[in-house]
Amino acid sequence: MARGGRLLILSLGLVLLYFVSGSVAAAAAQKTWCVAKPSASNDILSLNLNYACSQVSCGVIQKGGPCYYPDNLVSRAAVAMNLYYAANGRHPWNCYFNNSALVVQSDPSYGSCTYY
C-alpha cells in the first residue's frame, strides 16, 4: 500500500507540474505590447516620450527611422513606451505611465515599424 501511495503522490505531482508549467508556457507564448491611450493628453504623452527615450534608444522614431511616420505625438509616444515596456520585462507596471497607457494583446506593428 505504501508503494502505491507513493506512486499516486508522484503521479499527482507530475500532473500538477504539467499544469503549472503548461500555464507558464501559455502565458509566455502570449506576447503583449504597451501603447498610448488615445485619450491621453499631449502634455502627458510628451512626458512619457521624454522619459522612455531617456531610458531606451528611440532611434526608430527619429526622422528616417521605420516608426517616424505617422508624424504625431500619440504614435511616437506609443512606440517609445513600448520600447521601455519591452526592455523592462513586459510587466504591467512598466506600462502604467500615469494611467496613460494600455497593455494590448494585438501586435500594433504597421508597415516597416515593428513593435518588439
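Which pattern does the protein follow when read along the sequence? In this predicted model, the order of elements is α-β-α-α-β. The secondary structure thereby comprises three helices and two strands. Of the 116 residues of the protein, 30% count as buried. The exposed surface amounts to about 7600 Å², of which carbon and sulfur atoms supply 62%. Among contacts between residues at least 6 apart in sequence, 72% join residues at least 24 apart.

The interior was examined next. In soluble globular proteins, nonpolar side chains tend to be buried together. The largest nonpolar core of the model has 25 residues, and those with the most contacts inside this core are C34, I61, V79, M81 and Y115. Strand β1 and helices α2 and α3 (73-87) are the elements that give two or more residues to the core. The largest share, eight residues, comes from α3. The surroundings of I61 illustrate how parts of the chain meet in this core. When residues up to four places away in sequence are not counted, I61 touches L49, C53, C67, Y68, R76, V79 and A80. One of these partners, V79, is itself listed with I61 among the core residues with the most contacts.

The covalent links between cysteines form a further part of the picture. A disulfide is a covalent bond between the sulfur atoms of two cysteines. A search of the whole structure finds three disulfides. With the bonded cysteines numbered in sequence order, the pairing is 1-5, 2-3, 4-6.

One disulfide is formed by C34 and C95, whose sulfur atoms are 2.1 Å apart. This link is right-handed, with 85 degrees about the S-S bond. Because C34 belongs to strand β1 and C95 to the loop between α3 and β2, the pair ties together parts that are 61 residues apart in sequence. Both C34 and C95 are buried. C34 also appears among the core residues with the most contacts.

A disulfide also joins C53 and C58, with the sulfur atoms 2.1 Å apart. The torsion about the S-S bond of C53 and C58 is about -100 degrees, so this disulfide is left-handed. C53 is partly exposed, with a relative accessible area of 29%, whereas C58, at 7% relative accessibility, counts as buried.

The pair C67 and C113 has its sulfur atoms 1.9 Å apart and likewise forms a disulfide. Its torsion is about 100 degrees, and the disulfide is therefore right-handed. Distant parts of the chain are linked by this pair: C67 is in the loop between α2 and α3, and C113 is in the segment after β2, 46 residues apart. C67 counts as buried at 1% relative accessibility, and C113 counts as buried at 1% relative accessibility. C67 and C53, which belong to separate disulfides, are both among the residues touched by I61.

Charged side chains were considered next. The structure holds one salt bridge. R76 forms this bridge with D71, the closest N and O atoms being 2.6 Å apart. R76 counts as buried because its relative accessibility is 15%, and the cut-off for burial is under 20%. D71, in contrast, is partly exposed, with a relative accessible area of 49%. R76 is also one of the contacts of I61.

Is K37 buried or exposed? K37 is buried yet has no salt bridge, and the nearest side chain of opposite charge, that of D43, is 17 Å away. K37 is located in the loop between β1 (33-36) and α2 (42-55). Beyond its neighbours up to four places away in sequence, K37 touches N99, S100, A101 and L102. Of these contacts, A101 and L102 fall within the range of β2 (101-104).

The last residue considered is Y116, in the segment after β2. At 52% relative accessibility, Y116 counts as exposed, because the cut-off for that class is over 50%. Leaving aside neighbours within four places in sequence, Y116 is in contact with K31, W33, N82, A86 and R90. The C-alpha atoms of Y116 and A86 are separated by 6.6 Å, although these residues are 30 positions apart along the chain. Two of the contacts of Y116, N82 and A86, lie within the range of α3 (73-87).

Conventions
Residues are numbered from 1 along each chain as its sequence is written. This is a predicted model: local features need pLDDT of at least 70, side-chain atom pairs count only at pLDDT 80 or more; totals for chains, interfaces and linings use all residues. Side-chain values use heavy atoms; hydrogens and water are left out. Helices (H or I, at least four residues) and strands (E, at least two) are DSSP runs, numbered from the N terminus. Buried means under 20% relative accessible area, exposed over 50%, partly exposed in between (1.4 Å probe, protein chains only). Lys and Arg count as positive and Asp and Glu as negative; His and the chain ends are not counted. A salt bridge is a side-chain nitrogen of Lys or Arg within 4 Å of a carboxyl oxygen of Asp or Glu. Contact means heavy atoms within 4.5 Å. Accessible areas come from the Shrake-Rupley method with a 1.4 Å probe; for residues, only the protein chains shown count as cover. A nonpolar core is a set of buried Ala, Val, Leu, Ile, Met, Phe, Trp, Tyr and Cys residues joined through side-chain atoms within 4.5 Å. A disulfide is a pair of cysteine sulfur atoms within 2.5 Å.
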